[in-house]
Amino acid sequence: MKLLYELNDKPPAGSTVLLAIQHMLASIGGIIAVPLIVGTAIGLPTSDVVTLINAALFISGAFTIIQCIGFGPVGIRLPVVMGSSFAFLGIAIGIGKADGVSGIMGAALVGACMVIVSAFFMEQIRKLFPPVVSGVVVTLIGLTILPVAMNWVGDAPAGSEHFATLPKLFLAAISLLVVLLVATYAKGSVAASAIVIGLAGGYLVALSMGMVDMKQIGEASWFAAPEPLKFGLSFSWPAIVSMCLAYIVVIAEATGDFLALASNCHRTISGKDLKRGLLGDGIGSAVGSFFGAMPLASFSQNVGIVGITGVASRYVVGTTGALLILAGLFPKFGALAVTVPKPVLGGVGFIMFGMIAYAGIRMLVKAADTRRNALVICVSLAAGLAVTIKPSLLQHLHHDIAQLLHSGITTGTIVAVVLNLVLPKSKEDVHAERQAEEEEMNSEHTIPLSEDTAEPAMASTSSQSDVSTDQPSKPTQ
């Protein structure tokens, strides 16, 4: 897909705001959901739940800007939206019930420090992610996140008679149809705004059907500033170990998100780039723990928006960060976006998440076509999807191991990395990989990110995109 706006482009102000709102609408529900669910589950009063939500929006916005624009050695300089990660949901509830919010924040702080340390070894970690492995990771991110969109469409507990009723399915279908029509037939900035137009179209239909609950706007206060250490910090080893396991999941997911995002932006990324991105994740979570924000991670759905719209400008997503900060300071502003019905989000989610899987499949197709690579791909994809579809497969494992492997992304990544390391390479495998690498070098599909800045190291010669996961100077996958 040819990019409408490239990484360092600055669209007109009006287009920038419209495109930024699109990213905000796609992410704000997820950012709010984690503190809302955790706060409610552990029995916090409404005022404290609101504080958690405001902190999540504010910190997410601040570190979205840092990831996009960069701050010294921190920030990957790609259009990354940061937000509260669902990977921490179950663990945070368990810690919160035992140790309160202070226990969650203390464990999050220690786990964030682990991420910061890990970031300095990304050059070594990156060697574990050649094209065949990174393609699996990115594909699993798209496939395993699809149930989120399905649950948005259902908008009720699974098995309930209210799950995915006909009006909800209709709303999701309308939103999806609007996105498809706009992306197919419109041009320029209008086509680039397909997601937000789809959300708006679904929202208007939902209003006419009486399916929008406006009371959240009326109940929200006008202004609320972040409150440092409102909940305090406390530390316990069980909480820290559990949280660190969750952070391992996030490191794997963040690496995949960065690879997929770089592919959509027509860039290759180096180990240094990944280090800067993970530093943004780690420092963001550490700072967030002082302000009562749940741990941060990159948002996969926004990777899909970049892919479908062709808008890779990091300044657009940086503006999204500013809007999230405003939402954190003015809860009524954020409450308006939260009133978008979940079925509407689910309809556009199918496209957003599908685009991520497409990016991974594109990487796998261009990997060396060998039997060895086929085994790595098939077994790791199957393993990742198995624990996603049937979590009960892990019920007899030790709790800590089951907690680590419950994410299909993590399981698939571990299997792919291990198989890629232990399966022997024949002479034919080596020859095929070299041939695939040479073909990619000759095609010059991507533009490497500069080692020291986010400026492109060379001019683009193609509208196609791949992600290098071997050597920074070689545009492979």
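So, helix α1, residues 13-41. At 1.5 Å a residue, those 29 residues should span 42 Å, and the end C-alpha atoms sit 41 Å apart, so the two values agree. Keep in mind that this is a predicted model. Now, α1 does have a kink of about 35°, and Ser27 is at its centre. Then, just after α1, you'll find Gly43 with a positive phi of about 80°.

Okay, let's zoom out for a second. The protein chain has 19 helices and four strands. There are 477 residues in the chain, and 57% of them are buried. If you take contacts between residues at least 6 apart in sequence, 83% of those join residues at least 24 apart. As for the surface, the chain exposes about 18,900 Å², with carbon and sulfur atoms supplying 68% of that.

Next up, charges. Side chains of opposite charge can pair when their charged atoms come close. How many salt bridges does the structure hold? Three.

Let's start with Asp48 and Lys230, whose side chains meet at 3.7 Å, N to O. Asp48 is in helix α2, residues 46-69, while Lys230 is in the loop between α9 (215-219) and α10 (237-264), so this pair ties together parts that are 182 residues apart in sequence. Is Asp48 buried or exposed? Its relative accessible area is 16%, and under 20% counts as buried, so Asp48 is buried. Lys230 comes out partly exposed, at 36%.

Lys230 has another partner, too. Glu227 forms a salt bridge with Lys230, and there the closest N and O atoms are 4.0 Å apart. Glu227 is partly exposed as well, with 38% relative accessibility. Put those together and you get a network of salt bridges linking Asp48, Glu227 and Lys230.

That leaves Asp273 and Arg276. Their closest N and O atoms are 2.9 Å apart, in a salt bridge. Where do these two lie? Both are in helix α11, residues 271-291, three residues apart, which is about one turn of the helix. An α-helix has 3.6 residues a turn, so residues three or four places apart point the same way. And what about their accessibility? Asp273 is buried, with a relative accessible area of 0%, and Arg276 is buried too, at 4%.

So if you're scrolling through the model later, some places to look are the kink centred on Ser27 in α1, the network of Asp48, Glu227 and Lys230, and the buried Asp273 with its salt-bridge partner Arg276.

Note on methods: Residues are numbered from 1 along each chain as its sequence is written. This is a predicted model: local features need pLDDT of at least 70, side-chain atom pairs count only at pLDDT 80 or more; totals for chains, interfaces and linings use all residues. Side-chain values use heavy atoms; hydrogens and water are left out. Buried means under 20% relative accessible area, exposed over 50%, partly exposed in between (1.4 Å probe, protein chains only). Contact means heavy atoms within 4.5 Å. Accessible areas come from the Shrake-Rupley method with a 1.4 Å probe; for residues, only the protein chains shown count as cover. The expected span of a helix is 1.5 Å times one less than its number of residues. The bend at a residue is the angle between axes fitted to the seven residues ending there and the seven starting there.
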